[in-house]
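Please open the model in your viewer and keep the sequence beside it, since this tour moves from one selection to the next.

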Amino acid sequence: MTADRNPGPVLTTGPRDPELNDWLTEELVAFNAAVTGASDRDAFSVKVTDEAGELVGGLTAWTWGGLCGIGLLWVRDGDREDGWGSRILRAAEDEARRRGCDRAAVSSFTFQAPGFYQRHGYVETGRTPGIPGGHADVHLFKSLTDSGLS
């Protein structure tokens with residue numbers, strides 16, 4: 001941990017601070033709501049388990065202002081060819097629509113699944129280079145309505 005010892009406020013760098021994370025989240029949520037008028041922030045998940053109760057796959061997402069942001073989607077290695085990724089993604093999109101979302105966004109490293117999302121109607125909107133191994137973070141977007149909102 002390092003600290004700036006100048007008089008006045010103290011700048012500190014250290015390990016993850018859950019209390020700081022919660023404080024910053026609440027402050028930014030309040031700011032965003034004040035600027036946009038959208039205060040419908042929420043989160044949800046989709047989970048698949050096998051007969052033994054073991055995790056087959058799942059997805060976490062957030063919703064706000066009509067946008068669904070997919071945070072994480074994972075399917076167990078031995079079950080990836082069984083269509084679970086597609087079923088999980090469709091269930092998440094259906095839940096997002098139920099919650100009033102008309103669009104979805106996700107990012108995926110080039111070595112992960114950008115092609116998977118593109119096969120499901122997502123379009124690339126940008127890339128962030130610099131991922132180890134010469135990879136990039138691919139940003140994708142999809143309209144969840146038939147109108148083709150972009």
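In this predicted model, begin by showing the aromatic side chains, among which the structure holds three aromatic pairs. Select Phe116 and Tyr117 to see one of them: the ring centres lie 5.1 Å apart and the planes stand at 80°, and because an angle over 60 degrees counts as edge-to-face, that is the name given to this pair. Both partners can then be checked for burial, for which the limit is under 20% relative accessible area: Phe116 is buried at 16%, and Tyr117 is buried too, with a relative accessibility of 5%.

Add Tyr122 to the selection, and you will have a cluster in which ring pairs link Phe116, Tyr117 and Tyr122. Which residues is Tyr122 in contact with, leaving aside its neighbours within four places in sequence? Besides Tyr117, they are Ile70, Leu89, Glu93, Ala104, Val106, Leu140, Phe141 and Lys142.

Next, widen the view to the largest nonpolar core, which has 22 residues, and colour those with the most contacts inside it, namely Phe44, Leu59, Cys68, Ile70, Leu89, Tyr117 and Tyr122. Several elements give two or more residues to this core, and you can select them in turn: the strands β3 (42–49), β4 (55–64), β5 (67–75), β6 (103–109) and β8 (135–143), together with the helices α2 (84–98) and α3 (114–119). The largest share, four residues, comes from α2.

As a last stop, select Trp84 and Arg87, where Arg87 lies over the face of Trp84, at 3.9 Å from the ring centre.

How values were computed. Residues numbered from 1 in each chain as written. Predicted model: local features only at pLDDT ≥ 70, side-chain atom pairs only at ≥ 80, totals over all residues. Heavy atoms only, no water. Core = buried A, V, L, I, M, F, W, Y, C linked by side-chain atoms within 4.5 Å. Buried < 20%, exposed > 50% of the residue type's maximum accessible area, 1.4 Å probe, protein only. Contact = heavy atoms within 4.5 Å. Phe/Tyr/Trp six-rings, centres within 6.5 Å; stacked < 30°, edge-to-face > 60°. Lys NZ or Arg CZ within 6 Å of the ring centre and 35° of its normal.
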